[in-house]
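Let's take some labels that structural descriptions use and ask what stands behind each of them. Please have a look at the model first.

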Amino acid sequence: VSALDLTESERRMREESDDALTDRVVKSFAGASSPRERAVLESLVRHLHGFIREATLTDDEWRAGIDFLTRTGHTTNECRQEFILLSDILGASMLTVRVNQTEDPAATDSTVFGPFYLSASPGIELGDALAQGAPGRPLFVRGTVCGPSGEPISGARLEVWGADEEGLYDVQHEGQRVANRGHLFADDSGNFTFWSIHPVAYSIPADGPVGELLRSAERSPMRPAHLHFVVSARGWRTLVTHLFVAGDRYLGSDAEFGVVDSLVVPFVEHPATEPPPGRHVDGPWSSVAYDFVLAPSADGLETAFGKLPTPL
Ligand code: BEZ
Ligand code: FE
């Protein structure tokens with residue numbers, strides 16, 4: 001009997017027994033180890049059941065979903081996290097960032113972490129270069145780290161990582177090279193300067209199930225050009241963010257939904273004839289300036305992703 005052939009009262013009885021099933025599953029988690037775990041599981045079950053009801057999910061669709069998740073698991077290994085990629089392209093990563101974002105209106109906006117952060121990165125001095133031979137147009141980065149009232153955060157730690165001009169992170173190349181990533185500390189006035197590489201737009205890994213899903217929906221796998229930052233200091237909330245290159249053609253279609261207007265900034269291009277600050281570079285170079293504003297926090301180590309693995 002299809003749902004269409006049911007009388008109104010039969011349909012209501014069926015809905016009531018579907019609701020009772022949902023309630024029974026929710027109750028089955030009553031012994032969860034904490035009230036929070038119970039609440040999260042209840043919400044998960046209610047929304048999952050609601051999705052199945054609303055979509056009237058067929059057996060074949062349920063099986064296709066299980067098959068997709070199985071392949072996502074098989075594509076995941078210690079170098080590749082296809083589930084995070086799936087969360088990203090569904091907007092779940094960015095929504096998690098947003099619901100955990102500080103409410104301090106002056107604080108710099110957060111965005112997604114991405115999979116290419118490494119907790120161990122080389123330390124550099126102020127004014128030094130991160131690139132370590134990674135190819136690309138040199139980029140001079142300067143700014144400050146301060147609190148919401150403009151108070152400088154002396155010694156704030158900045159973790160930085162970016163793709164090279166081929167759109168690849170160091171960890172995506174063969175071998176163990178570390179390039180265009182590192183950390184540095186702001187000076188006593190919260191100021192920092194360093195050299196990196198002018199970011200380019202790149203494709204997220206699209207040769208797995210997530211790439212298949214994007215292609216089947218005719219969605220672009222591209223991320224607009226950006227540089228990643230984690231900015232932290234004891235007593236301040238850790239900020240996970242990017243700076244995006246103004247004018248990038250993919251700003252409106254980021255595969256990860258990570259673009260926030262306040263993080264889109266001009267990356268100024270300078271000709272080879274213009275001498276760059278503090279360093280000789282061959283050829284044209286770029287520069288960007290940004291002042292990061294942290295929100296106060298009890299311990300300064302909390303992020304939307306839990307405790308940062310790098311001790312301060
Ligand atoms: C990134 O921004 O580094 C990134 C985010 C998601 C997937 C791939 C890369
Ligand atoms: Fe990235």
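What follows is a set of questions about those labels, with answers.

This is a predicted model in which local features need pLDDT of at least 70 and side-chain atom pairs count only at pLDDT 80 or more, while totals for chains, interfaces and linings use all residues. Residues are numbered from 1 along each chain as its sequence is written, chains are lettered from A and ligands numbered from 1 in the order in which they are written, and side-chain values use heavy atoms, with hydrogens and water left out.

Q: Why is threonine 108 called buried?
A: Buried means under 20% relative accessible area, exposed over 50%, and partly exposed in between (1.4 Å probe, protein chains only). Threonine 108 has 6% relative accessibility, so it counts as buried.

Q: What makes threonine 56 exposed rather than buried?
A: Its relative accessibility is 59%, and therefore threonine 56 counts as exposed. You will find this residue in the loop between α2 (35–55) and α3 (59–75); helices (H or I, at least four residues) and strands (E, at least two) are DSSP runs, numbered from the N terminus.

Q: Why is phenylalanine 257 called partly exposed?
A: Phenylalanine 257 comes out at 44% relative accessibility, so it counts as partly exposed. Its place is in the loop between β8 (239–245) and β9 (264–265).

Q: What is notable about the phi of threonine 56?
A: Most residues other than glycine have a negative phi. Threonine 56 is not a glycine, yet its phi is positive, about 40 degrees. Phenylalanine 257, also not a glycine, has a positive phi of about 60 degrees.

Q: How do you know that tyrosine 202 makes a polar contact with ligand 1?
A: A polar contact is a pair of N or O atoms within 3.5 Å; within protein, one must be able to donate a hydrogen and the other to accept it, and residues adjacent in sequence count only if both atoms are side-chain atoms. An N or O atom in the side chain of tyrosine 202 is 2.7 Å from an oxygen atom of ligand 1, so the pair falls within the limit. For histidine 228, the corresponding side-chain distance to a ligand 1 oxygen is 3.0 Å.

Q: What makes up the shell around ligand 1, by residue class?
A: It divides into six nonpolar, three polar and three charged residues. Here Ala, Val, Leu, Ile, Met, Phe, Trp, Tyr, Cys and Pro count as nonpolar, Asp, Glu, Lys and Arg as charged, and the others, Gly among them, as polar.
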